[in-house]
Amino acid sequence: ALYSADTGMTLARRIVAGEVWRQPHRSHIYQRLVQGGWSHTAVTAVVGGAVAVCSLLGIAARGQSVVTQTGLAALIAAVVLAYMALPWLTSRRIASAVA
């Protein structure tokens, strides 16, 4: 879910911006975090943690009721959205600390 959302949003953003979508670029979330000052280790830890949480929630949903599966899917979506928002959230935090 994490990689699909990142890839989909990156492609959509590049197409809307008029960029050639198939050319090399550095606009995926993990690349933007590194460009924003995060270490590769920190980004890798966050990505690994988010993937692990989404995987565990997916495993937990197996064999559960539809209501429980829906709730767990919503939690997965929340993790993915939080990851997707990290560049924006951290740039705002840095900007407010400088101001």
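This report describes the fold, the surface and selected residues of one protein model.

**Basis**

The model is predicted: local features need pLDDT of at least 70, side-chain atom pairs count only at pLDDT 80 or more, and totals for chains, interfaces and linings use all residues. Residues are numbered from 1 along each chain as its sequence is written, and side-chain values use heavy atoms, with hydrogens and water left out.

**Overall fold**

The protein has 4 helices and 0 strands. Read from the N terminus, its elements run α-α-α-α. Helices here are DSSP runs of H or I with at least four residues, strands are runs of E with at least two, and numbering starts at the N terminus. Helix α1 covers residues 2-16. Helix α2 covers residues 29-35. Helix α3 takes in residues 40-61, and helix α4 residues 66-98.

The C-alpha trace spans about 45 × 35 × 25 Å along its principal axes. The radius of gyration is 16 Å, whereas a compact globule of 99 residues would have one near 13 Å. That radius is taken over C-alpha atoms, and the globule rule is 2.2 Å times the number of residues to the power 0.38.

Of the 99 residues, 23% count as buried. Buried means under 20% relative accessible area, exposed means over 50%, and partly exposed lies in between (1.4 Å probe, protein chains only). Contacts are heavy atoms within 4.5 Å. Among contacts with a separation of 6 or more, 50% come from residues 24 or more positions apart.

**Surface**

The accessible surface comes to about 6600 Å², and 67% of it belongs to carbon and sulfur atoms. Areas follow the Shrake-Rupley method with a 1.4 Å probe; for residues, only the protein chains shown count as cover. Leu11, Ile15 and Trp21 make a nonpolar surface patch of about 300 Å². Ile15 belongs to helix α1. Patch residues have over 30% relative accessible area and no salt bridge; nonpolar side chains (Val, Leu, Ile, Met, Phe, Trp, Tyr) are joined within 5 Å, like charges within 9 Å.

**The salt bridge**

Side chains of opposite charge can pair when their charged atoms come close. The structure holds 1 salt bridge. The term means a side-chain nitrogen of Lys or Arg within 4 Å of a carboxyl oxygen of Asp or Glu. Glu19 and Arg14 are the partners, at 2.8 Å from N to O. Arg14 is buried, with 4% relative accessible area. Glu19 counts as partly exposed, at 41%.

**Polar contacts of two buried side chains**

A polar contact is a pair of N or O atoms within 3.5 Å; within protein, one must be able to donate a hydrogen and the other to accept it, and residues adjacent in sequence count only if both atoms are side-chain atoms.

Gln31 sits in helix α2. Gln31 is buried because its relative accessible area is 10%. Its side chain reaches the backbone nitrogen of His28 at 2.9 Å. Leaving aside neighbours within four places in sequence, Gln31 is in contact with His25 and Arg26.

Thr90 lies in helix α4. With a relative accessible area of 13%, Thr90 is also buried. A polar atom of its side chain lies 2.8 Å from the backbone oxygen of Leu86. Not counting residues up to four places away in sequence, Thr90 touches Leu33 and Trp38.

**Three consecutive positions in helix α3**

Leu56 has its place in helix α3. Leu57 lies in this helix too, as does Gly58. How exposed or buried is Leu56? Leu56 counts as exposed, since its relative accessibility is 58%. Leu57 is buried, at 16%. Gly58 is partly exposed, at 32%.

The table gives a C-alpha separation for each position.

| Residue | Partner | Separation along the chain | C-alpha distance |
|---|---|---|---|
| Leu56 | Ile76 | 20 residues | 9.5 Å |
| Leu57 | Gly71 | 14 residues | 9.8 Å |
| Gly58 | Leu75 | 17 residues | 9.8 Å |

Which residues does Leu57 contact, leaving aside its neighbours within four places in sequence? They are Leu72, Leu75 and Ile76.
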